[in-house]
Amino acid sequence: MLWLLSGWGLTAEALTPIDLSDIAYKPCPPEYAEGMVAAGSIQQANCFLITGKAINRSSKPVLDVDIFGRIYDADDNPVMQNRTRLGGIPEVLPGESEFEIRISVAANQPEPLQLKQFKASGFAGMVRR
């Protein structure tokens, strides 16, 4: 038990920030959107892909990158209540690469969506337990 509490055997590399640019959204292709419902309900939902560029300024790949941001509808209502983690990228190589994450938005929330405060970070090495 003491071994578990001491954290021995757990390793995590420091978080590495990833810059994001060219953040935009577009409707999902039909095969992604079929049967979409809003999270936690049976309410109809629209499917969107958030796209952009991830910029890794380090010299090593960054793993398990979490993408955070706030999304609002055209009336300034939050699209994802109490949730800022929108998705993840398994690996971002050094330099610039494109990404996309899928989200669902309640069908009654009007467009255009507003994408704000996007940021990302991941680990410089494998997180082991």
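**A buried disulfide, a cis proline and two positive phi angles**

Both Cys 28 and Cys 47 are buried. In this predicted model, the two cysteines are joined to each other as a disulfide, with 1.9 Å from S to S. That sits inside the 2.5 Å cut-off for such a pair, and the count for the model comes to 1 disulfide. The link ties together distant parts of the chain, as its two ends are 19 residues apart. Cys 28 belongs to the loop between β1 (15–27) and α2 (30–33), while Cys 47 lies in strand β2, residues 45–56. As for handedness, the torsion about the S-S bond of Cys 28 and Cys 47 is about -65 degrees, so this disulfide is left-handed.

Turning to the backbone, there is a cis peptide bond going from Glu 111 to Pro 112, and its omega is near 5 degrees. Pro 112 itself falls in the loop between β5 (95–106) and β6 (114–123).

Positive phi values turn up too, in residues that are not glycine. One is Asp 64, with phi of about 50 degrees. Asp 64 is part of strand β3, which covers residues 62–72. With a relative accessible area of 41%, Asp 64 counts as partly exposed. Another is Asn 82, where phi is near 55 degrees. Asn 82 sits in a loop, the one between β3 and β4 (85–92). Its relative accessible area is 80%, so Asn 82 is exposed.

Terms used: Residues are numbered from 1 along each chain as its sequence is written. This is a predicted model: local features need pLDDT of at least 70, side-chain atom pairs count only at pLDDT 80 or more; totals for chains, interfaces and linings use all residues. Side-chain values use heavy atoms; hydrogens and water are left out. Helices (H or I, at least four residues) and strands (E, at least two) are DSSP runs, numbered from the N terminus. Buried means under 20% relative accessible area, exposed over 50%, partly exposed in between (1.4 Å probe, protein chains only).
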